[in-house]
Every structure is written in structure tokens, then in C-alpha cells.
Amino acid sequence: MSTTLLTVDDLAPAKYWTRERRSGAVLVVIGLLAAVGFALLAESAPARFTLGEDATGAALSIDGKLGAAVFGALTVAAGVGLLVGVARRWFTVLLVAGVLGFVLSFLCWQVAGNFLPLVGTASSSLGLAVPLILGALCGVLCERTGVVNIGIEGQLLMGAFGAALIGTMTASVWLGVLGAVTGGVLIAALLAVLAIRFLVDQVVIGTVLNLLALGVTGFLYERLMQTDAAAFNTPPRMQNLRIPVLADIPVVGPVLFDTSPLVYIALILVAVIHFGLARTRWGLRTRAVGEHPTAADTVGIRVRGTRYLNVLLGGVVAGLGGAFFTLVSTGAFGKNMTAGAGFIALAALIFGGFRPVGALLAALFFGFANTLAIYLSAIGSPVPSQFLNMLPYIATIVAVAGLVGRVRAPAADGKPYVKS
Amino acid sequence: GEAPEENAAGGGDAPAYSTCMVTDTGGIDDKSFNASAWAGLEAAKAEASNISTKFTASNAIADYEPNLTDFAAQKCNLILAVGGLMTDATKKIAAANPNSQFAIVDAAIPDATNVYPLQFDTAQASYLAGYLAAGYSKSGTVATYGGMNIPPVTIFMDGFVDGVAKYNEVKGKSVKVLGWDKATQKGTFAEDFTSQAKGKAISDTFVGQGADVILPVAGGTGLGTAAAAAESGGKYSVIWVDSDGCEVAAQYCSAFLSTVVKSVSGGVKDAALKGSKGEKLDAAVGYKGTLENGGVSLGAYHEFDSKVPAELKAEIDQLKNDIIAGTIKVESEAAPK
Amino acid sequence: MKVEESRRELTAGRIVTAIWSANTVTVTVLAIIAALLIGAVLIILSDPDVLATYGYFTARPTDALTASWELVSEAYANLFKGAIFDPDAASASTALRPISETLTYAAPIVFTGLAVTLAFRGGLFNIGAQGQAIMGCIAAALAGFLIPLPIGVHLVVALVAGAAGGAFWGFLPGILKARFGAHEVITSIMLNYIAALFLGWIIMQAGVHDPNRQDAISKPVESSAQLPALLGGDQRVHLGIVLAALATWGVSWLLNRSTFGFELRAVGANPDAAKTAGISVTATYALLMTVSGTLGGLGGATQVLGTGYALNPLVAANIGFDGLLVALLGRGKPWGVLWAAILFGALRAGGNRMQSYASVSLELVTVLQALIVIFIAAPALVKAIFRLRAARAARLSTSIAKGW
Amino acid sequence: MEPGEIHALLGENGAGKSTLMNVLYGLLQPDEGEIVVDGEPVQIKGPRDAIAAGIGMVHQHFMLVPVFDVAENVMLGAEHVRGGRLGWLDRRRARKEIKEVSERYGLRVDPDALVEDLPVGVQQRVEIIKALTRNVDLLILDEPTAVLTPQETEELLAVMRTLKASGKSIVFITHKLQEVKAIADRITVIRRGRTVGTASPESTKDELAALMVGRDVVLEVQKAPATPGEPVLEVSGLTVRDDRGTVQVAGVDLTVRAGEVLGIAGVQGNGQTELIEALMGLREIEAGTVTLAGAPMAGRSTRQVLRAGVGYVPEDRSVDGVVKEFSVAENLVLDVYDQAPYARGMVLNPERIAANAAERIEKFDVRTPSADAPVGTLSGGNQQKVIVAREMSRPLKLFIACQPTRGVDVGSIEFIHAQIVHERDVGTGVLLVSSELDEVIGLADRIAVMYRGRILAIVGPDTPVEKIGLLMAGVTEDAA
Ligand SMILES: Nc1ncnc2c1ncn2[C@@H]1O[C@H](COP(=O)(O)OP(=O)(O)OP(=O)(O)O)[C@@H](O)[C@H]1O
Ligand SMILES: Nc1ncnc2c1ncn2[C@@H]1O[C@H](COP(=O)(O)OP(=O)(O)OP(=O)(O)O)[C@@H](O)[C@H]1O
Ligand SMILES: [Mg+2]
Ligand SMILES: [Mg+2]
């Protein structure tokens, strides 16, 4: 008698309509739509994608009809690739290529006979995305450690308020940033204490902290800032920081290397948190606490302590996001000025799969959809502006429903850790 | 109800006159008509010592009625409702309190004898702004955008487009207007009155498309355009709306070519002063701001004074006279009837 | 005699202990008190004149204390007078006004609160009540001025239309979750924005926009489709609050006495067990969001048919988000939602008067609302502050939502 | 505990073994009493103190993060880092350490494998390595053999001997008497939270069992020979994937006849769960057919399967079996709540639900304060009885019981076994899945051994345990 280990290989054929194939089918359909529909609608005039901020300068140019057809075909090709069942590891690449092809085809149709300045589009997408990136990063820190944070909106708002107040009172941008961080941390601390110590339902507390931040900032705004804006609400503006050589690289340079310090901070934080979570002791422990707190506890990790730390760090990051509103984009605090950015950040966080890079991409996607909507209305699209402004929201729904599907949250997310 | 606070300051012989303002949901410092109306009341108070001022902010449409009622109960001498959306509430509460004097900005209530209407034919002034923009533009492209596609906003845009058209007609040019198509009433809107980031994104797009004069009609969102223009180092300029840009947003004065002034504050101040002197505020007459009475106007050029050609200035003055004289008619669906 | 006395003492003592233990009522009352105390601090802190008297507090403390007391008591007295009863009221109608206002504000948020609550019980976080309310507003208003119908029928049709509008807007995230696993929080946040933009568009369309008005406002709803006033005269309170109470009863019945309620509670408490027992979790999600959306839509309909009468960009105000808070405050119980909504309505009504008479910003009301919910959600905190006995505190902190 | 000693802790389910060890490990705080380590009384406030005191523990429910790889799990809490305060993880060193430990004690694992992909036996190795890398002197193994095949158990015992030889002490918790006898130096028996006696490995099994339970127990199931009838369940070529897309059931053929108990034996994680879920309509069937009394079942919803006359006791009662927040009465109608007489149309009938509860509680001896008490407050055994009571309350063609007595006290085990036999005797086909080999052998009329998604053989209950054990490990005779 000898031991034979039976293995489960080349068994019954795999189910045909896998996720890959379904996505492939979708790509083929929309690709055909683009290749035929957009191409027919498109003017046969050059669509110019200029490398600068306006019509002048070098440009990539393609005939609108041709471009719409070619990029549509690219989408079809990617879809076919998925349908015939190429290796799994190409899935993401093909999916991205397919979606990109569709977007480009659409752009060729719209831009035909006109031009789209790439630098302007990219920097505007990035600009609109920055607070979302920071807000979502705050979410990443909290959720990966197991604390649901619905209160990002409140943290951003408090951060914006803190930046304006302290920035004005000290007449210093960087102290203003510190004020923003303080504001964000204040809300984070409430979240942490109430959720971790007092075991309040985390969804409840997050929602309520948004309201609290709205009320407190609104109240103080009316009492202080509105009555004496000069003393309380004219923070210095943050100047762009130009990184010498790098800023001269075409397209990428002006977008990435001649911009606000907060943009650099946001992008650096994405990298730091990404690598930190994956490669450092802090990250390992954070993830362990978010996935299986009891296991973390049994190896001597302080579960609650880790959660406190990360929620507070999240407050710092969200505070920076808040500073962007007052110190970079606006130059003054306004009531409810974040206007739902925290909720969009929350969506970006989930959409991005609770990962820093995912959150970054989701936020950029949102910023781009927004910029595109603005571009289309500016070049006189016949579609009413309300519908154009729906674009980012509809695109997010389609992306979440069609491409992302179920997102796996950290296993212990939202569950308070109670030792018996 | 309670007795009103009679802080008849100055001890002048005129009886105390309390003015009470209900803002619409924009709040007291919306950088638009609420702020402007409040400024009007404050200016009136500064001028006549028997005037006292007070405001209450509405958080929701549903707050209009209780807020107006509360002021009526406090026996305010003049209750000012700001914004056309308050029409229905004002009509109802004015009917319920026939002895109180009301006034409303940006609307008229036909049969209510105790509601003094304050309206503005803003299109007249923005017509001049359109002409100015077209004449000043080097690139031959100008742009406008709004906060929302609603008449109080689009009235500016209608006049602006017509002003540009007039310029093209007179000069045989073809200056393009981005962001608003008067015929189809479609255009670029931020769908937002606060997000400066969005304002900046919109103006960046316009500038990318070649525009070098922009008229944002979007409250706080427009500040994004002003800030970006001020930073652009003269690449493009902005025409502000409502109150003189160099006063409400002095930090961006270098970017303001001019302002389409809608002097809500002037109208409100006049009404308050009139009331405080015991004169009747005749609802049937009301107040209609026009170029003629200065209720609307093209504001000062400030830092651009030397850059706008004298010839252009003269043409604009002539246009203004023509409009006042009625030889040129500025029409907008959104204009007060 | 002696025995009797001591017994009486005993019972009195017991009652005190019973009250002072952390039962729901006590915690709620104390939460409100704690919130008002913090609010008072904010009022004082933000008043420069009163704050100045604290500058010489050690020299003459009475100044600071009287000034603070006057400031705070005036504010809260007006809050009370505006919300519940005005003792100086000259006539019956002014005496009724506070209650009328309170119920007027409460009516729509009862519906949205129920919408959120029902979803919570089924394990979903319906952050989209706002969008559903907006769609409810739109549909109800369109039915209210586009369809000519006799009195009575017209109101019913408008309400049904509003319900249908909300139902559709709830169905979307429901089906997206059931079919594609798209998270309802993301989709319903996005749908909130889409609804608001759609509202902005539809108002200005021919046939909808009021041609006599220079604003973004639709034609008004015909009087046959308006919710009739309950008290007549100038009082705003309308049939909506009665419908809200009926809806509360209905939701309560649905949850506890219907098979669908059984399903959704099972799915909410333990989807795996529900699935194993043959309940279709996805179908329940889709249906639940639809029903929840229906309630949200009714909230919108109540708003537009009861107080607004015409569509404008802000017609739905914040009723969806208020509903969220009311649901949290009501701890997942329909009748709790009704009382929470009335409390919020009272704060709004009183807040208006507080602002008007005492010049205290409405934002204070927002702060108070937030604080009350925080304290009620954290009974342990209230217990710690007031040193309550720890009776049944565990039961107070029922968790309503489970992570993602 | 002496150094180099293996001390067995015996006791029936819920006796307090885990609790005692959790106190020792600092996860729970003692109400009174003291812990003495190396002659010094120590205060163990948390696992940190325990680790510092040289105590390591392999928990009954593994304390591994499923989405981490082996190396991450092992280093968690005791990471080697570079870069000072930066705390850059030194994975290379972790890998090396794992390799060393696993070579020294013969514990083979791949440091880069994801824990959730590993079979339980290997997960347990990871747990042991995790404890050993922390240089423990005392290792607590809480029921380590419950999830192992007899062969794996042998391997584990060998590892334990190596550990003992290297001077480490081990606390070994189990219910299985022969293991204790095979390896323990000393035995302590715990019942209802008290030490009821110590014994030496020389004691007989019966003595130990009596000590554990406090009375003489009948370990055999009493039943008459089966009288199998028509096939009720026929499964052929069934293939099923798990959530991650791996094939877990690979072309299984099975037949269950009316009036017989078919037992499925096998180590946890060999596809039993997926097989049953597929039968129940809880999991998509990739290929193959399933018929119930001749009617095709594949592709039917769970509700349709249940309504076709299938009773189902899921393996994880707290996840799949009961809704803890629901009352006992509600749980008793969890799958029939919408049928007469419990509901008419959409309207529930609370009286009938309550009446049903009263009857079931009585008949199945459910110990509950009232029918309205949330099920979550009941003891595990009583929760299980609620499920069994519910599933046996309607006429069945097929009764599927998965791990029906896991974590249930002896009295309840006897009761549930009797119910299963009764169900068989009235002509229902019974499909029993259990990782307790004794249970399968005791109850089943035929035993199917499942290994890596396949049925390796179907044997009679009188087959020697060793042979079934080998089959469970994937060793077939014909491969000899
Ligand atoms: N802090 C506590 N207070 C009261 N009872 C407790 C406490 N902790 C645990 N128990 C109970 O003590 C009993 C012992 O449980 P334990 O898990 O230690 O049993 P066990 O012997 O390990 O059983 P098994 O063989 O099932 O693992 C259980 O009924 C448990 O519910
Ligand atoms: N949170 C609680 N509140 C009140 N009583 C509880 C709680 N948890 C458990 N109990 C009670 O303690 C008893 C012991 O429960 P436990 O689950 O530990 O039983 P057990 O000894 O493991 O029994 P079984 O062998 O049936 O699993 C239960 O009957 C239950 O009534
Ligand atoms: Mg145990
Ligand atoms: Mg137990």
C-alpha cells in the first residue's frame, strides 16, 4: 500500500461565463458602440490633444472619425481578448485598456474639430481630486485598522475651518496647516474615543460627527468669521512649489512638479501609506488588527492602541485635505464648504478597494470625470449642464456596478474589539 | 409676542424704525444679493440714526414663513425678504399681517399692497459688460458661466451674449462667447455656488479654449475664477457681478476688468431710508433698478482703467445712453416684467 | 406608623434609584440636558460681550454669571417658546403655533427616518434617503400640477406618485447591490447628487417652470393635491403628520407582523442564516431598498404637498440626512423614529424663534442635534458623566449597522 | 508543570479547559487565584506578559490572519525590522527563521503561502511554528487533534515528543482518550470549571471517561439495522467551486436511500462543505446532476430544495444555523415562517408561531428561559437543539446533518443521535457529515470517505478505523 496524493486538476471545464468573460462581453458591446456609433457621429476633422494648457504648442492630432473608430476597435479587441480567455493576470491590463479605448473614442468624437489641452485637463483633474485623495487615505487608515469612518466629511470640514482660523490668526500658511491637522484630529479623537472606548456604533458616530462638525464650524463661522473676516478668515494662500528641472518635462512636469505643496504631500502620502501598510511593522500590525483583532491580541499587539493611533493619523491626513479647501483652492472658509467631498472620498475609498493606490485612482477617476463634464459644457455640448454634471456620479455607479462589484472590506471593519 | 428691542440710538426725534431682514437659503454672506441687501440696511442705519437692523437666516425653504412671521410678531417696521424664492411665503405672511410693511428683493407680488418690490433689470448692465468684454478681448473669445441655470443667473448671461453680439454687429467682428447659448438657453454651469475648485476648473477650461475675459455668475464659485485670473498674471481678466469686485474681493482686484453692478444695497438702502422718514413704500410703484436710475450699472474699471481704450469707453457710454433712451432694447426671458 | 413611613421611604428611594439607573428614558433626558449644557457653553464662548465679563471674573464674578445666565436663558426660553408653548401668547392661534411648527418640521423626516430605519433593520445603510426624497418631491409635484383630478383623488395620486418616485430611486441601489454587489453606500451617495441635478433641470423645463416667475421654481401644486391643513387658519401643520404616524404604525407592523418584515430582519441580523433557511438575500435587498425608497419618496411628497407646494432646487431641504439622524436617534425602532423626528422638529421650530428673538444662530440647533444623538448613542458616556447606576445599559447600545 | 513534561487536560465540551488556558495566556482575567511561574507568582495581564513569561499557545480556534501569508502570520507581534524606527519588515530573516524551526521539528510549510489557502492541518503547523519562534518554554495546545486525520495526529504527537525532548513543557487539551494515553505524562480532568481529579496514563479509558462526565456514559449509539428503500438523493458527477474559484468538489457520485444513514467521513476542508452547500442550492453547481426522489434539484433555490422535503442542519450553527438576535420561537420557524399556519398571505400569525415553539421546546428538551429569549443567550447545545427541532418539524424525504453534535454536551449528543436514528427509522434518507470519525462510524449505515473533493470509497460501518483513517488521508488500497 502506498500513498498517492490525488490532485484536483483539469477537472470538469470551468464555468464559461466567468467574471472575465462577462467583462469582455461588456467591452465588446461598448467597443462596437464606440467604433461604429461615435465614429459615425464624429466630424471628420482633426481632434487635437495639445500638450500644453491651450490650443498652442505641440499636439497629438487624429482625425475624429478615424480616432473614434480606432479606439473603439481597441476596446473591442480588449473585450475579445477577455472573451477568448487569456491568462488571468492580464485581466486588469485588458480591462483598463478597454475602458481607456472607450473613453478615448468618446473624446475623439467630442474633440473632433476642436482641441483638448492635456495639461489643463490633467492638472484640473488632479486639483479636483486632491481633497478626495486625502479624505480617502484617512478612510484607508481607519478602515484597515477596523474602524468604519463615515465622518471623513466632518474631518475635512473641521480641517478647512482650522486652517482658515489658525492661518489667519498667525498669518502663517504652515501654522494654518497645523490648525487644519488639529481640526481633523479633533474629530478623529471623538470618533476614536466614542467608537473604541464607548463602543458606539461606528456608522452612527461617523454620521453624527459630520453633523457636529457642520454645526460647530457653522456656528463659529457666523460668530467669528462673518463678523470679522479680517481677523479670522483671511488665511494666507499656499504658493505653488516649483521643482526646478522636473517641472520642465512636457505635460507631466507642469501637472506634477509645479503645483501646491499639498498635492505633493497627498501623492507622497499615497506612497508612504501604501508601502507602510505592506512593508512595515506598523502596517502589518494595522492590517492584523483590522482583519483579526483577537489574533493580533494573542501575539501581544495592543488592539485598541493600534486603532487609536491609526484613527488619529487618519485625522491628520483628513485635516490636510481640509487645508486644501481653505489654503489652496479658496483662500477663505465658507459654511459647509466641503459640500459632500467627504462622502465622495468615502465612495472612492470603497471603490478603490480600501487600498491607498486604489483610492488615488478612484479619486483621479472622479476628478477626471468632473473635468470632462466641464470641458464638454465649455465647448458647447448640446447636453444640458445638469446632465453633464451627472457624469462623474453616473460613471462611478457604472464602474462600481459593472467593473468592481463586491469589494472585500477588512474582516473586522466596524466591529468593536471587546475583551471578555 | 414680545416687545421689540427699541434701541433708538442717537435719540433723534424721528421714531425708532426697525428693519428686519430674512435671508434666503444662501445665508447672510452669500457674496450676492443677501450680503448686498444687508449692506444696504447697514448703510441706511449709518445714515439715519433711528434705524435699527436685524436679520435672521433661513436654512431651508420651509423656514421662510416662520421667519417672516416671527418678525411680524416682533413688530418690525420693515420686513425685508431677500430673493424671488421667498415670493410665496412673503405673499402669504404679508396677507396675514396686513399692518406690517414688507419688501422683497428680486420679485414683485402683484396684489400685495404691503409688499414693496425691489427688482433689477440686470441684463441692461451686463449688455454693456458684453460689449466691453468683446472690445477688450485680444483673442476674440470671451466666456461666461453660471452657478445654476436659473433666471437670476441667466439674466446676466443673456445680456452679456447680446452685448457681444452688438459688438460683432457694429464692428463686423466675430467674437465668440463660450458658456452660454441664449437661443437654446443652454450653457456651462457649476451646479454649485461655493466650490472655488470647480470655478477654477471651469475657467481653466475656458482659457484653454482661448477665452481671455470671463464673466462668472456663480457667487463663491466665481472666486475660483478670480483667484486663478489674478495668478495668471494678466493672461485673462474677469468681469465680476453684483457688487464691485474690487470691494468684495479686493485681493483679486488686479483681475477685475469691471463689474456688472446690481445695486441691491442701493435699492434696499433707499427703501429703508424712505420708510424711516415715514414715507409710504408704494407697492404699485416699487423699485426697479435700471441703468437710468443707477440700480444697475457697469462698475469702475479700477486697475484696468488705463488699459481699456478711451474709444471703447466712449462707445459703452453711448450704448448706455441708448439703452436709457430706449433706442436699444435689451431683452431677456429672465428680466423683470 | 413607623413601618409605613419606612416603607414609603423605601419606595421613594427605589423610585429614585430606578430613575437614576440607566434606562432609556433617563438616558434620553440626560442626553438632552448634556447637549443643552454644552450648547450653553458655546453660546457664552461666542458672545464677545459676555466673554469680556469673564476677563474680570475674579474681581466681580456676578457680572459674568448674570450676563451668561441672561444670554443662555433667553436663548433657551425662546427655543422652548418656539417649539412647544409660548406662555405670552395672545390668542389661541399663537398659542398653537409652536406645536404646529414642530409637527410641520417633523412630518417629512418621520418618513425619511423610517426609510433609513427599515433599511438598517435589513442590514443596509440607506444614505440615499435624500435622493429618494428629491425624486419623491419631483414625482409628487408633477402629479400635483400636471394631472387635473378631483379633490381627494388628486392628493392620493400625488402621494402615490411621490412614493413611486422614491421607490424607483431606492430600487436602483437595491438591484445594483443584489445583482452586481455594488455597495449601496456608494451608489446611493451618487444617486443623491444625480437626483439633485435632475431636480435642477426639470424645474426649468417648459410645462414645469412657472412662467410667471423669474426664479427657478415650478408651477405650484393644485390645491386639490395639497395636504390639507389640520388646524386651519395660519397654522402650517398639515395632514402629513397624521400620515407619518400611520406610516410609523405601518412600518412597525411590517417589521413585526409581516413575512417580509421577518425576512428583512433575518437578513439584517444574519444574512448567512437567512440564506440557509431559504430566504433570498438578494431579493430581500432589492425589495427592501424599494420599500425604503418608497418611504423616502413619501417624505419628499409630504414636503412638497404639505409645505413647499412648488419645486425649487432646495425643495427637499435636508430631509434625507435629517432622516438619517432621526433613525439613529430612534435606535431602529419605528416609534422611536416618530418621537425622534418630533424632537428634531421641535429643535428646528424653536431654533427659528431662538434666532429671530435672541439672535442665536441656527447652527446651534445643528450642534444640539448632533450632541443629543452622540449622547444617546453612547449611553456609557452619559452614565459616566452623570454617574448613573449601570442598569440595563448594555441594552441601550444596540448596534444598528454592521461595517461594510 | 515540570520542564519537559506533557500534561494532558481532559474534559468534556464546555468544561472550562479553554477558559483556564485563556486565563493562563492572559486573554481572560482571573477573578481570584494566582499563577506561579518558576516559583514566582506572576500577574499575566495580557498575552504580552504570557509571552514574556515563556508561555505560548495554539488556540482551539486558530489565531491566524487568513489574508496574510505564513511568514507574516509568524512574525506578527515579534517582527524583525530594519531601518530603526521606520520598522521596515525583514522578511528574509522571518523566512529563515521559519525554515529553521520547521526543519528542526519536522513542520513543513511554505512561508509564502496565503494562510486561507492552506488546509487546516498545515494551518496548525503554522500556529505551532508561530509559538516556537517566540522561544516558549511552555506550549499550550488546545484541542490540536480535533481537525487532524489519524495520520496527521500521529505526526503531531511525534512533533510533541521532539519538543518534549528539547525540554519544552506542553499542556495538551483533548477529549480523545487514546491520544492522552499515548503521550501524556500526567492527566488532569476538569468538569464544570473544577479539577475533578488527576490521573496517570495508566488509567483505563472507561475510568477517564467516567471522571470527565461524572457518570457512566454509553458511547455506543443504539440502533436497529437499516432497511434501505428507494433512493431519495442521487448525485452524479457533481463539481463545485468555492468562492475563490478553486474546484472543491470534483465529480462526486452519491446515492442516499430512504431509511438509511449515509455518513461522509473526511478531514475538514476536503469539499464536504461545498458538496452540501451545492445540494442545498446555496452554491452554484458547475457540473453534474442532483435528483431528489427522482426530481431534478440542480439549479433550484435553497427554498425550493427545503420545500421539496429536505431538512438541513448546517455545520456552523452560529453563522448559518440560527439568527442569534431572533427569539427561540422565531428561529423555530425560520424556514417555514411564510407558510400556513404561521402566516396567511403576508400576515404572520404570532399565536401559531408561539404554539409551535412551546411544542418544539417541550419535545426537543430545549433549555431556554422562554420562547421569546433571543437564541444567542442559549448555550451552544441548546442552540443546536433548536436547529434540529426546526428541521425535524416537517415531513422530510432527506435529512442532511452536518457536524450535528459539534460543541454539544454529552446529554445533548445522545439526544440528537437518537433523533437522527428515529428520522432514519421512519423512512427518511439521512446524509450525515461529520469530522468526528466515531460519530460517523456509530451512526452511519454506509460511510463515504471524502478526500480532496472526491469520494474515495464507500465502506460499511464495521470497516476498521485504521482503514478509514488511511482513506481520509487519501490512501487507497488499489493504489498499493
Ligand atoms: N468569564 C466567564 N464567566 C462565566 N462563564 C464563562 C466565562 N468564560 C467562559 N465561560 C463558560 O465556561 C464554559 C467553559 O468553556 P471552555 O471553552 O473553556 O470549555 P472547553 O472545556 O474548552 O470546551 P471545548 O471542549 O468545547 O473546547 C463555557 O460554558 C463558557 O461559556
Ligand atoms: N451573555 C449572557 N447573558 C446571560 N446568560 C448567558 C450569557 N451567555 C451565556 N449565558 C448563559 O450561560 C449558560 C451557559 O452557556 P454556555 O454556552 O457556556 O453553555 P455550555 O456549558 O457551553 O453548554 P453547551 O454544552 O450546551 O454548549 C447558558 O445556558 C446561558 O443561559
Ligand atoms: Mg475549548
Ligand atoms: Mg458550549
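1. Start with the pairing of chains A and C. In this predicted model, 50 residues of chain A are in contact with 49 residues of chain C. Of the five pairs of chains in contact, A and C share the most contacts.

2. Next, the area. The size of an interface is often given as the accessible area lost when the parts come together. Here chains A and C bury about 4,300 Å² between them. Carbon and sulfur atoms account for 80% of that area. On the chain A side, the residues that lose the most area to chain C are Phe219(A), Arg223(A) and Ile397(A). Together they make up 15% of what that side buries.

3. Polar links between the two chains. The count of salt bridges between chain A and chain C is one. Lys335(A) and Glu363(C) form a salt bridge, with their closest N and O atoms 3.1 Å apart. Residue pairs in polar contact between these chains number five, with both residues at pLDDT 80 or more.

4. Which helices of chain A each supply at least two residues of the side that touches chain C? They are H7 (202-225), H14 (341-351) and H16 (385-404). H7(A) gives the largest share of that side, 16 residues.

5. Composition of that side. The residues of chain A that touch chain C divide into 34 nonpolar, nine polar and seven charged. Set this beside the 80% of buried area on carbon and sulfur atoms, a figure that covers chain A and chain C.

6. A pair without contact. No contact joins chain B and chain D. The closest C-alpha atoms of chains B and D lie 36 Å apart.

7. Now ligand 2. Its surrounding residues come from chain D: Arg192(D), Thr377(D), Ser379(D), Gly380(D), Gly381(D), Gly407(D) and Asp409(D). By class, this shell has five polar residues, two charged and no nonpolar.

8. Backbone approaches to ligand 2. A polar backbone atom of Gly381(D) is 2.8 Å from an oxygen atom of the ligand. For Thr377(D), a polar backbone atom is 3.3 Å from an oxygen atom of ligand 2.

9. How much of the accessible area of ligand 2 does the protein cover? On its own, ligand 2 has 630 Å² of accessible area, and the protein covers 42% of it.

10. Places to look in the viewer. For the A and C interface, go to H7(A), the source of 16 residues on the chain A side, and to the salt bridge between Lys335(A) and Glu363(C). For ligand 2, go to Gly381(D), with its polar backbone atom 2.8 Å from a ligand oxygen.

Definitions and conventions. Residues numbered from 1 in each chain as written. Chains lettered and ligands numbered in written order. Predicted model: local features only at pLDDT ≥ 70, side-chain atom pairs only at ≥ 80, totals over all residues. Heavy atoms only, no water. Contact = heavy atoms within 4.5 Å. Buried area = accessible area lost by both parts, 1.4 Å probe. Salt bridge = Lys/Arg side-chain N within 4 Å of Asp/Glu carboxyl O. Polar contact = N/O pair within 3.5 Å; in protein donor to acceptor, adjacent residues only side chain to side chain. Helix = DSSP H or I, 4+ residues; strand = E, 2+ residues; numbered from the N terminus. Nonpolar A, V, L, I, M, F, W, Y, C, P; charged D, E, K, R; others polar. Near = heavy atom within 4 Å. Areas by Shrake-Rupley, 256 points an atom, 1.4 Å probe, with all protein chains shown as cover.
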